[in-house]
Amino acid sequence: MSNPVFIGRKAELERLKALYKKKASSLVVVKGRRRIGKSRLIGEFSKISGSQTFWSFAGLAPKDGISAQQQRDNFARQLALMLKIPPMTFLNWSDAFEHLSLHIKPGDIILLDEISWMGSKDPSFIPKLKAWWDKQTMHVLLVFCGSVSTWIEENILKSTAFFGRINLTISLEPLSIPESAEFLRTLGMQLSHYDTYKLLSIVGGVPWYLEQFSPGMTADDNIKQLAFEKNGLLVTEFDRIFHDLFNGKGATYKKILDSLKDGARTLSEIRQSIEFAHSGTLSQLMDHLIVAGFVIKQSLWSFKTAEPLKQSLYRISDPYMRFYLKVIEPNLGAIADGGFDQAPLSTMFGFETHMGLRLEALLLQNRPLLLQKLGISPVDIVRSGPYRQTKTTTQQGCQIDYLVQTKTNSLFICEFKFKRREISSDIITEMQEKLSRLKTPKGCAKVAVLFHLSGVASSIATNPYFYRIVDIVDFLETEK
């Protein structure tokens with residue numbers, strides 16, 4: 001499959017361009033979730049930068065028994081292919097890097113992709129790479145990429161070896177909703193607004209997943225083929241991610257995600273749910289999942305002081321993760337037996353039911369779009385995020401999809417509704433009930449906002465109750 005048109009990443013390309021223009025030896029680290037397009041970004045940059053040569057090396061995926069020597073042999077093989085010479089053998093990384101030095105020229109770009117796989121079996125990899133890089137004086141751009149962000153954090157970003165040597169760190173995020181919709185259009189997908197959101201609610205803005213959709217098929221047939229057939233890509237992807245990222249140690253991480261699949265929880269709720277011993281390592285495991293791009297930590301805060309409270313909420317931020325855990329995994333047995341081959345997607349238990357939760361995760365990944373529709377500038381925000389008020393003897397419990405507190409003490413209380421049918425005026429009563437439960441200090445204004453996909457009854461549209469009623473179809477258009 002030829003590479004589709006490259007969409008988005010304008011800010012990242014600008015930052016790379018500015019660094020490259022300095023004509024000095026520069027070191028860049030690109031991290032982000034697996035499949036997010038890290039190496040593709042550098043490949044695209046090499047095309048527009050006018051670089052002499054793009055040297056791209058990738059580590060071997062960590063399968064049992066892969067040795068440090070096999071990683072070096074793989075590097076040597078890639079180098080030989082680029083130089084069009086017979087394969088060679090390097091017995092240590094210093095020899096490998098020195099050999100590369102013989103061939104690089106000013107202006108070249110060197111990518112070490114999946115660097116954690118390349119170096120994790122050899123304790124001398126980082127010191128040798130550092131020693132080699134310290135000798136570089138010519139204008140080359142060296143880029144480290146990797147999905148195992150914890151390894152990159154510990155061995156490169158926080159390591160004394162590269163302290164002060166990294167010129168630019170890029171954390172690659174999913175494409176925005178408008179960019180993802182544009183991506184699907186460039187693939188040739190002709191979709192209704194609802195079907196576009198149905199696909200995005202499953203894979204989010206992860207470019208490699210978006211590439212897997214076939215324009216000649218309906219949205220439902222695409223989903224069935226990828227997610228409900230025996231060897232469907234989205235069926236096997238979860239185990240592949242876990243094996244590659246957590247190197248066989250994924251069982252506890254999997255339990256944590258399972259405990260979060262129905263919604264946000266505090267650390268103590270997660271600990272209780274997975275019966276984890278009372279030691280400090282659970283918060284460390286949570287940090288690993290955050291760095292890997294699958295979980296997000298949201299501080300709860302006090303409206304009065306605007307200060308974060310001790311408790312934080314953790315939730316799954318990745319739409320695919322949630323989709324796998326809620327919809328694919330419970331049906332793995334039936335998928336393996338071909339049980340869904342003849343069944344229409346609409347009859348599948350749980351598919352539509354969970355679309356609301358998945359779309360919620362997608363919208364929360366696109367906060368700039370939400371704030372734009374609210375007409376709130378980021379500089380006016382005190383705090384924002386999903387909000388949970390815990391039930392106590394003096395107050396009722398209350399969950400808010402997205403809440404923004406501004407410096408003028410306005411609380412924008414946002415409700416996300418995604419029904420197939422038009423939203424009835426019941427939503428006003430529902431919101432009034434929710435707002436009455438929310439305990440706020442005197443002088444705070446509670447402002448109700450509705451984000452929807454399916455249209456609203458005219459009685460809502462004409463009622464002044466909601467400050468804004470936003471149709472998220474607007475997000476599918478790219479601003480020119």
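Angles under 35 degrees between axes count as roughly parallel, over 145 as roughly antiparallel, 65 to 115 as roughly perpendicular and the rest as oblique. This is a predicted model, in which local features need pLDDT of at least 70 and side-chain atom pairs count only at pLDDT 80 or more, while totals for chains, interfaces and linings use all residues. Residues are numbered from 1 along each chain as its sequence is written, and side-chain values use heavy atoms, with hydrogens and water left out.

**View A. Crossing of helix 13 and helix 14.** The axes of helix 13 (residues 251–260) and helix 14 (residues 267–274), which are DSSP runs of H or I with at least four residues (strands: E, at least two), numbered from the N terminus, come within 9 Å and cross at roughly 115°. The two helices are therefore roughly perpendicular to each other. Lys255, Ile256, Ser259 and Leu260 of helix 13 make the contact (heavy atoms within 4.5 Å) with Ile270, Ser273 and Ile274 of helix 14.

**View B. The buried residues of helix 4.** In helix 4 (residues 93–101), Trp93, Ala96, Phe97 and Leu100 are buried, that is, under 20% relative accessible area, with exposed meaning over 50% and partly exposed in between (1.4 Å probe, protein chains only). Seen down the helix axis, these residues fall within an arc of 90° (taken from the directions from the axis to the C-beta atoms), so they line one face of helix 4.

**View C. Positive phi at Lys23 and Glu114.** Lys23, with a phi of about 55°, lies in the loop between helix 1 and strand 1 and counts as exposed at 63% relative accessibility. Glu114, with a phi of about 50°, is in the loop between strand 3 and helix 5 and counts as buried at 12%.

Methods. Axes fitted to C-alpha atoms, helices over the stretch in contact; angles between N-to-C directions.
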